[in-house]
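Work through the two exercises below with the sequence and the 3D structure at hand. Each begins with a task and continues with a solution in steps.

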Amino acid sequence: MNKEASFKKWPLVSWEPEILISGGLVLTLFNIQPKIVALAFVINPLDIGGSMIVLTLLSGMAGTLAVGFAIHLIVRGFWIMKMGIAYGLAPEFDSKKFNFKKPYEQRIQNMEINQSAEMVGKLSSLIFSITFFLLLISLGFTTLSIALFASLTPLGIPDFVIISLLVILLIDFASFGYLKKTKLGVILYPVLWIMYQLSLSFLYRDIYYYLINSYKRVKLIVGLAFYAITFVLLAAINSREVLGLPKLITVEGRFEDYIRSSYDDERDPFTRYNASISSYYQEKNLMRLYLHENTIVEAALDNNAIRISINDQEMDPLSIRDYSGSENQFGYLFFLDISNFKSGKEHLLNVLLDETFIRDSNMGLNDTIYAQIPFYKE
């Protein structure tokens, strides 16, 4: 194959925009993850129907798409490596120059880097196209979910009915249009048509049917299954943070309770929190601990049922003051002497509730740990 003819079809410079788009989307999708989680704490108190479901799905989609675009960048880099060598060096490869014995010569006898580079290039282009296709689908289904919840919830329609409509559309989509072959699909045509329009299907309908037409159903099912497994895994991890459940994954050798909202200098505005200190890095020997005013704290203070400890050493606050500040902060400040704790080390502050108070409070409490905040003393 002539070198010039081989590379006229796919010059290097023509793929630079694709790499930039993919790289930009990877950075955007990875950085948007914590913002979605933080947004959940703002929206949750507003009690908007279906908002937490939409945010959880959106968070899972963002993580899954970031993985897809990251894979594309890796494969595209592999392609550029092969293409650079193939384009910069002589295209003819002579395996006899190495004078290898027969078993080893056979492994390099039919080596053709031009074809190999072209194959990897097509693969990376396909990965980019399908991932961008999934991005459009994700945006479409998110738009549809928001539209359905926003329009039907005020009418008193329960969330499970709206979710059922979304599931019906998802079944039709994942089954490659099975409902369109049945009488039920004919009956539901007006509903499905409206839902498909709201899901922005006009942006990716042609790609959807070309994929069905070009690949065996088994390959498409395996691809969808991989996407679904990745999505469910990431959505499960993110939803535990969104919904305040225990984390599935922790990092060894570091406090797993490190949460930005626990530190006044890192906390996003209006983020929900129960307790905070001024900063993760404590520069002085006097620490300020803030407890948000709520029924638990009020009752515990009235019954002298709050205990504060650092590294399991009980602390006696120097003073306790009422506090009201910006962003609707109302609560109490505890001033703690931390001069006897070593500098240059990480410590753990615990706000504890007495077991007797938990048992007698009738507030549904089952954990003596009210708050845990790691900090580093400089």
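**Exercise 1: a pair of helices**

In this predicted model, the axes of helix 6 (residues 159-174) and helix 8 (residues 189-198) come within 11 Å and cross at roughly 85 degrees. Classify the crossing of helix 6 and helix 8, then find which residues make the contact and sort them by class.

*Solution.* Begin with the angle: because 65 to 115 degrees counts as roughly perpendicular, the crossing at roughly 85 degrees makes helix 6 roughly perpendicular to helix 8. Next, list the residues on each side: helix 6 contributes Leu165, Leu166, Ile168, Leu169, Asp172 and Phe173, while helix 8 contributes Val191, Leu192, Met195 and Tyr196. Finally, sort by class, which gives nine nonpolar residues, one charged residue and no polar ones in the contact of helix 6 with helix 8.

**Exercise 2: the second largest pocket**

Describe the second largest pocket by its volume, its lining residues and the elements that supply them.

*Solution.* Start with size: the volume of the second largest pocket is about 760 Å³. Then turn to the lining, which consists of 26 residues, with Ile130, Leu134, Lys219, Gly223 and Leu224 lying nearest the centre of the pocket. Two or more lining residues come from each of helix 3 (51-88), helix 5 (113-152), helix 9 (205-214) and helix 10 (217-242), and the largest share, eight residues, belongs to helix 5. Sorted by class, the lining of this second largest pocket has 20 nonpolar, five polar and one charged residues.

Terms used
Residues numbered from 1 in each chain as written. Predicted model: local features only at pLDDT ≥ 70, side-chain atom pairs only at ≥ 80, totals over all residues. Heavy atoms only, no water. Axes fitted to C-alpha atoms, helices over the stretch in contact; angles between N-to-C directions. Helix = DSSP H or I, 4+ residues; strand = E, 2+ residues; numbered from the N terminus. Parallel < 35°, antiparallel > 145°, perpendicular 65-115°, else oblique. Contact = heavy atoms within 4.5 Å. Nonpolar A, V, L, I, M, F, W, Y, C, P; charged D, E, K, R; others polar. 1 Å grid on protein atoms, 1.4 Å probe; cavity = no way out; pocket = protein on both sides within 12 Å on 5 of 7 lines; lining within 4 Å. Points joined across faces, edges and corners; volume = space filled by probe spheres on them.
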